[in-house]
2 protein chains.
Amino acid sequence: MSNTRTHTWQDIHERIRGNILNRTWSPGELIPGEAELAEKFGCARTTVNRAMRELATAGVIDRKRRAGTRVTVQRTRRVTAEIPIIRTQVEAQGLEYSFCVQTKKLLVPNTTITQIMRLRAQQKALHIQSLHLANGVPFIHEDRWINTHTIPEVLKVDFNQTSVNEWLVENVPLTKGEFVIEAVASSKRVAAALEISCGDSILSSERATWLDDRSVTLVTLYYAPGHQMVFTI
Amino acid sequence: MSNTRTHTWQDIHERIRGNILNRTWSPGELIPGEAELAEKFGCARTTVNRAMRELATAGVIDRKRRAGTRVTVQRTRRVTAEIPIIRTQVEAQGLEYSFCVQTKKLLVPNTTITQIMRLRAQQKALHIQSLHLANGVPFIHEDRWINTHTIPEVLKVDFNQTSVNEWLVENVPLTKGEFVIEAVASSKRVAAALEISCGDSILSSERATWLDDRSVTLVTLYYAPGHQMVFTI
DNA sequence: GTTGACATTATGTGCATACATAATCACAAT
DNA sequence: ATTGTGATTATGTATGCACATAATGTCAAC
């Protein structure tokens, strides 16, 4: 037997994962119970439980009380990315970051925006358009609505000093959010801001964020042509 | 005191998270140690540990031995998405899925592809181009390389029955992968396949996947105009 | 003042035990 | 066949305890 190894939960985790990768336990198949594995590996059930829990949250196995544990039949792939604040994104490329606020007005948004942000009719919100630059070259055009009822402090901040992006990330906690990516042909407005040709193919991302059930901000970013977003699987 | 509540780790988790959201403990600030919290909440240290561990993996707090636990100063936002197989994506919209393989050849890829897939010089790989349709309308154009040294079984599969996508997801386990999204102007080749105009703005995603240190597949998908990818924060 | 040895401390983990909970099965009643 | 009921069982969780490990602080030696 090779059971003389250590039995940290990471070890158990790797051994179980190995058995799944090499198809000792195939997708859909029931794998031995915690108690059995604990005996087999010579450790406590708690340790097996910990290892299996990690595998379950990683989506490798499906667990159900009484029914046991099965190797997940993969139907989806989970991808994730850490989206840094724009300043960091620029500086990571060794470029100098700058930004400028182009418009900033408190006004009543159109019905679509009103609905998404769950504002009451005729309620105003803060609308800010700004440009982020890398070494003086337009990098991202930002079109943002901020719910001043959720974040009243925002009205007092001087956004010529700190970018809205940065201020919000550092000062407002979020409970949930949605992030939609799309390829669009640049509009006249956006093309002018980014100094590209109207109709050029660019990436846009729309992000809506929430603090419990109150909307925080709704922002659309238009990236300069060629921008890539990288995720890991 | 309101310490008469239950003390499941989820409860403790929520109470700590509440204290962070309402800024009782602000970003960067040191929060009380496990032992202290355990006493305060009237539960075992293990339970506090479990709650804090979840918060740590969610990126809400940073923990260091001896140094204690701090509320994370947010500098990045984590976004995730579950990418389903294309069939599911189409059928979820209530449309009928179909696909056709356009080319399938075993050949030596160019140097870029060879490098990315870590093939040896002059080693061949399987190149497959196919089209996915929703209700008969082109949906995604797929350009894929498969490493036949990692997955030799692939040569025996009839890809007119099952799509490559589907077969791989169900039959090949992965250990890691990278996923890059970009907005591109459609090339002549892709425009023809998707039945759109050359130069139209479309989303492309390139995905490279690995089984330990051996490459599995390198695939680029070109989505029909207007396609959106949705992530959650 | 710098270095290095050692104590201290907060988190990290393993284990035995007990009980909770959800799903399933077996079997009887209808 | 269907429904209901209770036993069974695998996972889920709480706890006390012990020890491991990584950072940090202290203090003496140089």
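**Exercises on a two-chain model with DNA**

The contact takes 38 residues from chain B and 38 residues from chain A. The model is a predicted one, and the exercises below treat its chain contact, its core, a small sheet and the surfaces around the DNA.

**Exercise 1. Describe the side of chain B that touches chain A by element and by residue class.**

Solution.
- Step 1: The elements that each supply at least two residues to this side of chain B are β4 (76-84), α6 (164-171), β8 (176-185), β9 (201-211) and β11 (228-232).
- Step 2: Among these elements, β8(B) gives the most, with ten residues.
- Step 3: Sorted by class, this side of chain B holds 21 nonpolar, nine polar and eight charged residues.
- Step 4: Strand pairing also crosses between the chains: β8 (residues 176-185) of chain A and β11(B) run antiparallel and are joined by five bridges. Phe179(A) has Phe231(B) as its bridge partner in β11(B).

**Exercise 2. Determine what relation connects chain B to chain A.**

Solution.
- Step 1: A turn of 180 degrees with a shift of 0.0 Å along the axis lays chain B on chain A, with an RMSD of 0.1 Å.
- Step 2: This turn and shift are therefore the relation of a two-fold axis.
- Step 3: The same surface serves both copies, as 100% of the contact residues of chain B recur in chain A.

**Exercise 3. Identify the residues with the most contacts inside the largest nonpolar core, and list the contacts of Tyr222(A).**

Solution.
- Step 1: The largest nonpolar core has 34 residues.
- Step 2: Those with the most contacts inside this core are Ile140, Tyr222 and Tyr223 of chain A, and Ile140, Tyr222 and Tyr223 of chain B.
- Step 3: With neighbours within four places in sequence left aside, Tyr222(A) is in contact with Ile140(A), His141(A), Ser186(A), Val190(A), Leu194(A), Ile202(A) and Ser204(A).
- Step 4: As general background, nonpolar side chains tend to be buried together in soluble globular proteins.

**Exercise 4. Work out which strands stand at the edges of the open three-stranded sheet of chain A, and place Pro32(A) relative to β1.**

Solution.
- Step 1: The strand order is β1-β3-β2 (chain A), and the pairing is antiparallel.
- Step 2: β1 (30-31) and β2 (61-64) of chain A each have a single partner strand, so they stand at the edges and one side of each lacks a neighbour in the sheet.
- Step 3: Two bridges link β1(A) and β3(A) in the antiparallel sense; the partner of Ile31(A) in β3(A) is Thr69(A).
- Step 4: Pro32(A) is found in the loop between β1 and α2 (34-41) of chain A. Pro32(A) has 16 C-beta neighbours inside 10 Å and therefore counts as partly exposed.
- Step 5: Pro32(A) and Gly68(A) are 36 residues apart along the chain, and 8.0 Å separates their C-alpha atoms.

**Exercise 5. State which residues and elements surround each DNA strand.**

Solution.
- Step 1: Around DNA strand C there are 24 residues, of which Thr8(A), Trp9(A), Cys43(A), Arg66(A) and Gly33(B) come nearest.
- Step 2: Two or more residues of this surface come from each of α3 of chain A and α3 and β3 (68-71) of chain B.
- Step 3: The surface near DNA strand C comprises five nonpolar, nine polar and ten charged residues.
- Step 4: DNA strand D is surrounded by 22 residues, the closest being Gly33(A), Thr8(B), Trp9(B), Thr46(B) and Arg66(B).
- Step 5: At least two residues of the surface near DNA strand D come from each of α3 (45-57) and β3 (68-71) of chain A and α3 (45-57) of chain B.
- Step 6: The surface near DNA strand D comprises four nonpolar, nine polar and nine charged residues.

How values were computed. Residues are numbered from 1 along each chain as its sequence is written. Chains are lettered from A and ligands numbered from 1 in the order in which they are written. This is a predicted model: local features need pLDDT of at least 70, side-chain atom pairs count only at pLDDT 80 or more; totals for chains, interfaces and linings use all residues. Copies are superposed by least squares on the C-alpha atoms of residues with pLDDT of at least 70 in both. Two residues are in contact if their C-beta atoms, placed from the backbone, lie within 7 Å. A nonpolar core is a set of buried Ala, Val, Leu, Ile, Met, Phe, Trp, Tyr and Cys residues joined through C-beta atoms within 7 Å. A residue is buried if 20 or more other C-beta atoms lie within 10 Å of its own, exposed if 12 or fewer, and partly exposed in between; C-beta atoms are placed from the backbone. Helices (H or I, at least four residues) and strands (E, at least two) are DSSP runs, numbered from the N terminus. Ala, Val, Leu, Ile, Met, Phe, Trp, Tyr, Cys and Pro count as nonpolar, Asp, Glu, Lys and Arg as charged, and the others, Gly among them, as polar. Two strands pair if DSSP finds at least two bridges between them. A residue is near a molecule or strand if its C-beta atom, placed from the backbone, lies within 6 Å of it.
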